[in-house]
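Dear colleague,

I am handing over the structure below, and I would be grateful if you could read the notes that follow it with the coordinates open beside you.

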Amino acid sequence: MLSTAAAERDSARARSSAFDAIAAARALLVVDDLEAACATGLRAIRIGSHAESTRVRLRFLDLAHEARPHES
């Protein structure tokens, strides 16, 4: 569902696209698909680095916190 929503979203909406990618990365962490979570997280960084948004930054912090157990 996250992939479908992201695919249909206007690419000009950087903040919303960043939220989509962060949510997808978090979902992939939940199901222990670490490689896909990392790739999706990197995509989120590429997208989100253009969004001037405190909410995006906070969601990145949430993602980083959830990824911490997998640092190794």
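α2 and α3 are roughly antiparallel to each other, a term used here for angles over 145 degrees, where under 35 counts as roughly parallel, 65 to 115 as roughly perpendicular and the rest as oblique. The two helices pack at an angle of about 165°, with their axes 8 Å apart; axes are lines fitted to C-alpha atoms, for helices over the stretch in contact, and angles run from 0 to 180 degrees between N-to-C directions.

Before going further, please note that this is a predicted model, in which local features need pLDDT of at least 70 and side-chain atom pairs count only at pLDDT 80 or more, while totals for chains, interfaces and linings use all residues. Residues are numbered from 1 along each chain as its sequence is written, and side-chain values use heavy atoms, with hydrogens and water left out.

**Overall fold**

The protein chain holds four helices and zero strands, where helices (H or I, at least four residues) and strands (E, at least two) are DSSP runs numbered from the N terminus, and the pattern along the sequence reads α-α-α-α. Of its 72 residues, 26% count as buried, with buried meaning under 20% relative accessible area, exposed over 50%, and partly exposed in between (1.4 Å probe, protein chains only). The accessible surface of the protein chain comes to about 5,100 Å², and 55% of that belongs to carbon and sulfur atoms, the areas being taken from the Shrake-Rupley method with a 1.4 Å probe, where for residues only the protein chains shown count as cover. Among contacts (heavy atoms within 4.5 Å) with a separation of 6 or more, 54% join residues that are 24 or more positions apart.

**The α2 and α3 pair**

Returning to this pair, α2 covers residues 14–30 and passes α3 in a left-handed crossing, which is to say that the near helix is turned anticlockwise from the far one by less than a right angle, whereas clockwise would make the crossing right-handed. On the α2 side the residues that meet α3 include Ala14, Ala18, Ala21, Ala25 and Leu28, and on the α3 side the partners include Leu34, Ala37, Gly41, Ala44 and Ile47.

Two alanines of α2 can be placed against α3 by C-alpha distance. Ala27, in helix α2, is partly exposed at a relative accessible area of 33%, and its C-alpha is 7.8 Å from that of Ala37, 10 residues apart in sequence. Ala23, also found in α2, is partly exposed at 28%, and its C-alpha is separated by 9.2 Å from that of Ala44, 21 residues apart along the chain.

In the loop between α2 and α3 sits Asp32, which is exposed, with a relative accessible area of 55%. Phi of Asp32 is near 65°, a positive value in a residue other than glycine, and you may want to set this beside the general rule that most residues other than glycine have a negative phi.

**Where α4 packs**

α4 packs with α2 at an angle of about 10°, with the axes 10 Å apart, and the two are therefore roughly parallel to each other. Their contact is made by residues including Arg15, Phe19, Ile22 and Leu29 of α2 and Arg55, Val56, Phe60 and Leu63 of α4, and the crossing is left-handed.

With α3, by contrast, α4 packs at an angle of about 165°, with the axes 12 Å apart, and this pair is therefore roughly antiparallel, again with a left-handed crossing. Here Gly41, Ala44, Ile45 and Gly48 in α3 meet Val56, Phe60 and Leu63 in α4.

Phe60, in helix α4, touches Ile22, Ala44, Ile45 and Gly48, if residues up to four places away in sequence are not counted. The C-alpha atoms of Phe60 and Ala18 are 9.3 Å apart in space, although the two residues are 42 apart in sequence.

**The loop before α4**

Which residue of the loop between α3 (34–48) and α4 (54–67) is worth a look? Ser53 is found there, and Ser53 is buried, with a relative accessible area of 7%. The side chain of Ser53 reaches the backbone nitrogen of Arg55 at 3.3 Å, and a polar atom of the same side chain lies 3.2 Å from the backbone nitrogen of Val56.

With kind regards

Definitions and conventions
Polar contact = N/O pair within 3.5 Å; in protein donor to acceptor, adjacent residues only side chain to side chain.
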